[in-house]
Amino acid sequence: MKSARFATAGVLCLVVACNQTREQTSEAARDAPSAEPAAPAEAKAAAAPARPASASTENVSVLGPWVWATPNPRLAAAYFTLKNPGTKSATLLSVSGDAAARIELHESVEEDGVVRMVPHPEGFEVPAGGELELERGGKHAMLIGLTAPLEAGATVKLTLSLSEGRKLDVDFPVREATESEESE
Ligand SMILES: [Cu+2]
């Protein structure tokens, strides 16, 4: 039984995200150009003076973390912003924690009116002097196979792994998305 449930988690993941995020995704898609900051940031980083490697990720900070308790008791999504005031780009490599069997980095993309989620096992770049935003309808960390259902008001502890071995332990408050929130 259990393995069957796990096998369908990926499919459910897609179905939930499509159904739940379709409306606001068209909103988000308009702001989505920030989704591909990689090339300019790389160029900027390359042009910047060389710094000791340790100077790169140590100033990266987390803003606005929260977990969306989806209607599906097996799935949730984590959102946050990583701010990189440094002169060298960093990479969000993975998100880990005990709250789910596995946590994947995804990006929701809309093509021909259909929203699907693309896995990003390589991680997301946090551009030098810029931000990486994980938000509804865009990039997110997908919690697949929740070890226990999440309830609004609870806290989920997640660890963000960055390039150069930096790890950030972050408390994520759990929220349910409301109509007013989606119109913000
Ligand atoms: Cu996802």
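**Exercise 1. Find how S4 and S8 are joined, and name a facing pair.**

Solution. Start with the direction of the two strands. S4 and S8 run antiparallel. Next, count the links between them. There are 7 bridges. Now pick out a pair. Arg-102 stands opposite Ile-144, a residue of S8. This model is predicted, so treat each step as a reading of computed coordinates.

**Exercise 2. Set out the overall layout of the protein.**

Solution. Begin with the elements. The protein has 3 helices and 10 strands. Then read their order from the N terminus: α-α-β-β-β-β-β-β-β-β-β-β-α. Turn to burial. Of the 184 residues, 32% count as buried. Finish with the contacts. Take those with a separation of 6 or more; 74% of them link residues 24 or more positions apart.

**Exercise 3. Work out which strands pair with S2, and in what sense.**

Solution. Take the partners one at a time.

- Step 1: S1. The two strands run antiparallel, and 7 bridges join them. A hairpin of 5 residues leads from S1 to S2. Across this pairing, Val-67 has Ala-78 in S2 as its bridge partner.
- Step 2: S7. S2 pairs with S7 over 5 bridges, again in the antiparallel sense. Here Lys-83 stands opposite Glu-131 in S7.
- Step 3: S8. This pairing is antiparallel too, over 4 bridges. Ala-77 stands opposite Met-142 in S8.

**Exercise 4. Decide whether S2 is largely enclosed or open, and give the reason.**

Solution. Count the buried residues of the strand. They number 7 of 10. S2 is therefore largely enclosed by the rest of the structure.

**Exercise 5. Describe the largest nonpolar core and the part S2 plays in it.**

Solution. First, the size. The core holds 30 residues. Second, its best-connected members. Val-67, Ala-76, Ala-78, Ala-141 and Leu-143 touch the most other members. Third, the elements that give two or more residues. They are strands S1 (61-69), S2 (75-84), S3 (90-96), S4 (100-111), S6 (124-126), S7 (130-134), S8 (139-146) and S9 (155-162). Fourth, the top contributor. S2 gives the most, with 6 residues.

**Exercise 6. List what Ala-141 touches, leaving out residues up to four places away in sequence.**

Solution. Go up the numbering. Ala-141 touches Ala-77 and Ala-78. Val-95 comes next. Ile-103 and Leu-105 follow. Leu-134 completes the list. Now place some of these residues in their strands. The ranges put Ala-141 in S8, and Ala-77 and Ala-78 in S2. Val-95 falls in S3, while Ile-103 and Leu-105 fall in S4. Leu-134 belongs to S7.

**Exercise 7. Classify Glu-135 and Gly-138 by burial, and find a residue far along the chain for each.**

Solution. Locate both residues. Glu-135 lies in the loop between S7 and S8. Gly-138 lies in the loop between S7 and S8 as well.

Now apply the cut-off. A residue is buried if 20 or more other C-beta atoms lie within 10 Å of its own. Glu-135 has 19, so it is partly exposed. Gly-138 has 20 such neighbours inside 10 Å, so it counts as buried.

Last, look along the chain. Glu-135 and Pro-65 are 70 residues apart in sequence, with 9.8 Å between their C-alpha atoms. Gly-138 and Glu-110 are 28 residues apart along the chain, and their C-alpha atoms are separated by 9.5 Å.

Terms used:
Residues numbered from 1 in each chain as written. Predicted model: local features only at pLDDT ≥ 70, side-chain atom pairs only at ≥ 80, totals over all residues. Core = buried A, V, L, I, M, F, W, Y, C linked by C-beta atoms within 7 Å. Buried ≥ 20, exposed ≤ 12 C-beta atoms within 10 Å, placed from the backbone. Contact = placed C-beta atoms within 7 Å. Pairing = 2+ DSSP bridges.
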